[in-house]
Amino acid sequence: MDQERESLDFDIVFVGAGPANLSAAIRLQQLIKKHNATAASPLEAEVAILEKSRNPGGHLLSGAVIEPDLLSTLLPDSTSHLQKETTTVSQESIWFLTRQRRFALPFIPEPLRNNDNIIVSLSELGRALSAEAERLDIPILDSTAATIPVIEEARLQAVITDAKGTGRDGSPKPGADPGMRINAKTFVIGEGARGSMTRQLSAAFNLHAEAPETQRYETGVKEVWEVPAGRIKAGELHHTFGYPLPTSTYGGGWVYAMTATRVSTGFVTSIEPQAPLVDPHGNLQLFKAHPFVSRILDGGRPLEYGAKTITSGGWNAMPKLYGPGFLLVGESAGLLDLKRLKGVYLALRSGIMAAETLFACLQRNDFSVAALSDYRERIVNSSIHEVLLDSRDYRKGFDDGLYKGLLKAGLKLSIPGISGSKPHTPRQIPPPQPPKDSPNYLSKEDALYLSGTSHEEDQPCHLLITRKDLFEVCSTTCMETYGNPCQYFCPAGVYDIDTEARPVLKLNPSNCLHCKTCEIIDPCSVITWIPPEGGGGPDYKLS
Ligand SMILES: Cc1cc2nc3c(=O)[nH]c(=O)nc-3n(C[C@H](O)[C@H](O)[C@H](O)COP(=O)(O)OP(=O)(O)OC[C@H]3O[C@@H](n4cnc5c(N)ncnc54)[C@H](O)[C@@H]3O)c2cc1C
Ligand code: SF4
Ligand code: SF4
């Protein structure tokens, strides 16, 4: 098979076209162009970006309220276009929700405030950054997933990209392509949360060995709505805790007014294998049915739906940031400040630092591990370190329940009768039914239509569960102990229990949103998520 593969050689390859890697590629090219404008011996570097989505920004989903500082550096000529699509935060509140009511948290500590931040669509920002990368002559190989790391002589030498044209049973169809071997001196891994290459590199190079804590994750489910004028002011921003979650489960909702008539709303649910009976899609539907949110949405129309996981372990769960032949950037490096629900700035900033490291490597033609370790030094000596160190215990604080968590985060609740109550123990009962009679309810089927998700149907299943596990774990241990939680926790309805004869798990992999929730929360650890044929998956435009 190997001899049939096309092989391409580059100096530097960026895996994933999210904010982290687009920033890294753009900054590197800017540095090279600036150097070459005056240098006697110009630097030549062959670079490329691999992205599994079929369109730029198609797999990018975020809140998203971001710090705008770095955009003028990365998008010197295009900021004016992006500005048309952004809104500056005009007012903000944090609420505690009960089933019917809301209580404002009396004050928001300064570090949590969003003064001067902007509300954007991350997929729109991804499109703007991709256009800038192409303007700088950086090729973006879209519909191309890096699937397997090639480790030779104890170094990442190449990646194998997705095979195309393989049938469901594994046999090649006419015109099948086994995927390329892409060689590079260094790979920059920017896959976002729970990347499949990151997982394999972590196992091969023990990247988490020195982290004092295990990595953790949340799932964010998001909808973009068009709402009638007069419901909300452009730039208005609301975060919530409480309903519909029990106090033992971390999470919360948001409503951001992208314009006076376009709203980003979503819900974050903690996903932990020890408490797998959660329904992130259902939680968003319950949140939307709350009088506070429904007053804004009623009479409106949903435009887009999607889901994605968020890395939330913080500084103490971060992997080693570099290894032989690679750097990790953005959420692949665990760079996310959950306290502020902010990852985009950290992704852009880490990309810039990766670019500065790689520029020095190119100048000296030295891509050794010692040369790449300069990237870690840059991160540790930057404000990224301070921000993440400051919030390192934030997520852990909620392990003792919502009220203690809020208190530890400096968010005081002053609602008589509830502060200081004990957390409930994690539930082992099915999550509450989503409110199907609510006017703003979106079923998983209707929601999926709004995600633009599509996959080649005739391809091997990209959710690897062995036949043995299917029969010996899914239909027995998991059914009896957990009640097959995948039928609830997958926000795309990929996992179904067919009860026609003997209950058996059925998969609809072509619905997959690539959120990775299943691989993380599965209580029996039988699921491995691998990239399907490149170009498959959601096609976000507004998220
Ligand atoms: C619901 C939600 C709300 C959020 N809200 C905010 C917010 O308000 N403000 C904020 O600052 N941050 C927010 N974040 C976090 C922020 O969006 C992320 O931290 C940031 O997008 C991370 O950037 P990244 O480049 O590391 O990864 P990503 O944005 O995840 O991009 C990774 C890219 O790599 C591609 N890819 C992955 N694997 C492969 C592969 N093997 N081969 C090829 N391509 C691959 C993906 O398709 C994707 O395009 C939120 C996140 C979520 C999920
Ligand atoms: S995939 Fe199997 S083991 Fe995992 S949650 Fe579903 S039924 Fe249980
Ligand atoms: S199958 Fe897994 S990765 Fe795909 S949408 Fe469902 S939970 Fe997310």
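These exercises walk through a predicted model, each with a worked solution.

**Exercise 1. Confidence**

Find the mean pLDDT of the protein, and the elements with the lowest and highest mean values.

Solution.
Step 1. Start with the whole protein. Its mean pLDDT is 94. A value of 70 or more is reached by 95% of the residues.
Step 2. Turn to the elements. Helix 3 (residues 79-84) has the lowest mean pLDDT, 65. Strand 20 has the highest, 99.
Step 3. Apply this to reading the model. Where pLDDT is low, predicted coordinates should not be read in detail.

**Exercise 2. Domains**

State how the protein is divided into domains, and describe how domain 1 and domain 2 touch.

Solution.
Step 1. List the parts. Domain 1 covers 2-73 + 125-166 + 174-213 + 315-381. Domain 2 covers 86-121 + 214-311 + 394-408. Domain 3 spans 444-529.
Step 2. Take the distance. The C-alpha centres of domain 1 and domain 2 are 30 Å apart.
Step 3. Count the contacts. On one side, 19 residues of domain 1 take part; they meet 25 residues of domain 2.
Step 4. Sort the domain 1 side of this contact by class. There are 10 nonpolar, 3 polar and 6 charged residues.

**Exercise 3. Ligand 1**

Describe the shell around ligand 1, then explain where ligand 1 lies with respect to domain 1 and domain 2.

Solution.
Step 1. Count the shell. Ligand 1 is surrounded by 44 residues. The closest are Gly18, Gly192, Gly220, Gly330 and Gly343.
Step 2. Trace the elements. Those giving two or more residues include helix 1 (19-38), helix 5 (196-205) and helix 8. Strand 3, strand 14 (217-226) and strand 18 (301-311) do so too.
Step 3. Sort by class. The shell holds 21 nonpolar, 16 polar and 7 charged residues.
Step 4. Draw the conclusion. Domain 1 and domain 2 both give residues to this shell, so ligand 1 lies between them.

**Exercise 4. Ligands 2 and 3**

Set out the shells around ligand 2 and ligand 3, with their nearest residues and classes.

Solution.
Step 1. Take ligand 2. It has 13 residues around it, and Cys474, Cys478, Cys486, Asp522 and Cys524 come nearest.
Step 2. Find the main contributor. Helix 15 (residues 467-482) gives the most to the shell around ligand 2, with 3 residues.
Step 3. Sort the ligand 2 shell. It has 11 nonpolar, 1 polar and 1 charged residues.
Step 4. Take ligand 3. Its shell has 13 residues, and the closest are Cys490, Val494, Cys512, Cys515 and Cys518.
Step 5. Sort the ligand 3 shell. It has 10 nonpolar, 2 polar and 1 charged residues.

**Exercise 5. Val494**

Place Val494 in the chain, decide whether it is buried or exposed, and list its contacts beyond four places in sequence.

Solution.
Step 1. Locate it. Val494 sits in the loop between helix 16 (486-489) and strand 22 (495-498).
Step 2. Count its surroundings. Val494 has 23 other C-beta atoms within 10 Å. The cut-off for a buried residue is 20 or more, so Val494 is buried.
Step 3. List the contacts. Outside its neighbours within four places, Val494 touches Leu507, Asn508, Pro509, Asn511 and Cys512. Cys512 is also one of the closest residues to ligand 3.

**Exercise 6. Backbone features**

Locate the cis peptide bonds from Gly63 and from Tyr243, and the positive phi values of Leu341 and His514.

Solution.
Step 1. Take the bond from Gly63 to Ala64. It is cis, with omega near -5°. Ala64 is in the loop between strand 2 (47-50) and strand 3 (65-66).
Step 2. Take Tyr243 and Pro244. Their bond is cis, with omega about 5°. Pro244 lies in the loop between strand 15 (236-242) and strand 16 (251-257).
Step 3. Take Leu341. Its phi is positive, near 45°. Its loop runs between strand 20 (326-328) and helix 8 (344-364). With 20 other C-beta atoms within 10 Å, Leu341 is buried.
Step 4. Take His514. Its phi is about 60°. It stands in the loop between strand 23 (504-507) and helix 17 (517-521). His514 is buried, with 25 other C-beta atoms within 10 Å.

**Exercise 7. A hairpin**

Describe how strand 9 and strand 10 are joined.

Solution.
Step 1. Strand 9 (residues 146-152) and strand 10 (residues 155-161) run antiparallel, joined by 6 bridges.
Step 2. Pro149 stands opposite Val159 in strand 10.
Step 3. The two strands form a hairpin with 2 residues between them. In the turn, Glu153 has a positive phi of about 50°.

Conventions. Residues are numbered from 1 along each chain as its sequence is written. Chains are lettered from A and ligands numbered from 1 in the order in which they are written. This is a predicted model: local features need pLDDT of at least 70, side-chain atom pairs count only at pLDDT 80 or more; totals for chains, interfaces and linings use all residues. A residue is buried if 20 or more other C-beta atoms lie within 10 Å of its own, exposed if 12 or fewer, and partly exposed in between; C-beta atoms are placed from the backbone. Domain bounds come from an automatic or database domain assignment. Two residues are in contact if their C-beta atoms, placed from the backbone, lie within 7 Å. Ala, Val, Leu, Ile, Met, Phe, Trp, Tyr, Cys and Pro count as nonpolar, Asp, Glu, Lys and Arg as charged, and the others, Gly among them, as polar. A residue is near a molecule or strand if its C-beta atom, placed from the backbone, lies within 6 Å of it. Two strands pair if DSSP finds at least two bridges between them. pLDDT is the predictor's confidence in each residue, from 0 to 100.
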